[in-house]
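Before reading on, please take a moment to look over the chain from one end to the other. The paragraphs that follow move from the whole fold to a few of its parts.

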Amino acid sequence: MTPKNPAKVKAAAAHPARPGEQCQAPAGTWAPVVNRNRCEGKVDCAEVCPHDVFAITRMTDADFAALSFVGKLKATVHGRKTAYTPNADACRACGLCVVACPEKAISLQRVA
Ligand code: SF4
Ligand code: SF4
């Protein structure tokens, strides 16, 4: 589990473009979607998520193969690190990860 970063949580919470439902959504109704062509495997999303949705790990070969040419170059430079969402079912749509991501790689989508 990635330790939380209180300064990043505070900045994300105050961000005017923060989407979602302020953590009021029932779990399982929203989920973050990571654009792997943009994600650089930094940990900002994991540092702000109150429900430990994210795990930063090495990209699977299948996901790497699906990247654009530029995405493959970027991923190679970053050791193929990317954010997966093994606990997406726990997301409460706080929107913090969306505005915390420096690469604008995350969108929140309704799943139910
Ligand atoms: S989704 Fe954004 S914040 Fe999360 S690891 Fe990727 S680049 Fe970093
Ligand atoms: S919107 Fe969901 S995935 Fe993103 S930080 Fe909040 S609980 Fe975590």
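Two residues are said to be in contact if their C-beta atoms, placed from the backbone, lie within 7 Å. With that meaning in mind, we can turn to the contacts in the protein that have a separation of 6 or more, of which 84% are made by residues 24 or more positions apart. The model you are looking at is a predicted one, and every value given here is computed from it.

Let us begin with the fold as a whole. The protein has five helices and four strands, and if you follow the sequence from its start, these elements appear in the pattern α-β-α-β-α-α-β-α-β. The radius of gyration is 14 Å, close to the 13 Å that the globule rule gives for 112 residues, so the protein is as compact as a globular protein of that length. Along the principal axes, the C-alpha atoms fill a box of roughly 40 × 30 × 25 Å, and buried residues account for 29% of the 112 residues.

Strand 1, which covers residues 30-34, is a good place to look for such burial, since four of its five residues are buried and the strand is therefore mostly covered. Its partner is strand 4, residues 106-110, which runs antiparallel to strand 1 and is joined to it by five bridges. Within this pair, Trp 30 stands opposite Arg 110 of strand 4. As a general point, side chains in a regular strand alternate between the two faces of the sheet.

A contrast to the strand is found in helix 4, residues 69-77, where Leu 73 has its place. Is Leu 73 buried or exposed? A residue counts as exposed if 12 or fewer other C-beta atoms lie within 10 Å of its own, and Leu 73 has 11 of them within that distance, so it is exposed. The C-alpha atom of Leu 73 is separated by 9.7 Å from that of Asn 37, although the two residues are 36 residues apart along the chain.

Finally, consider the two ligands and what surrounds them. Around ligand 1 there are 14 residues, of which Cys 39, Lys 42, Cys 45, Ala 83 and Cys 101 come nearest, and this shell divides into nine nonpolar, one polar and four charged residues. Ligand 2 is surrounded by 15 residues, with Cys 49, Val 53, Cys 91, Cys 94 and Cys 97 as the closest, and here the shell consists of eleven nonpolar, three polar and one charged.

Technical notes: Residues are numbered from 1 along each chain as its sequence is written. Chains are lettered from A and ligands numbered from 1 in the order in which they are written. This is a predicted model: local features need pLDDT of at least 70, side-chain atom pairs count only at pLDDT 80 or more; totals for chains, interfaces and linings use all residues. A residue is near a molecule or strand if its C-beta atom, placed from the backbone, lies within 6 Å of it. Ala, Val, Leu, Ile, Met, Phe, Trp, Tyr, Cys and Pro count as nonpolar, Asp, Glu, Lys and Arg as charged, and the others, Gly among them, as polar. A residue is buried if 20 or more other C-beta atoms lie within 10 Å of its own, exposed if 12 or fewer, and partly exposed in between; C-beta atoms are placed from the backbone. Helices (H or I, at least four residues) and strands (E, at least two) are DSSP runs, numbered from the N terminus. Two strands pair if DSSP finds at least two bridges between them. The radius of gyration is taken over C-alpha atoms; the globule rule is 2.2 Å times the number of residues to the power 0.38.
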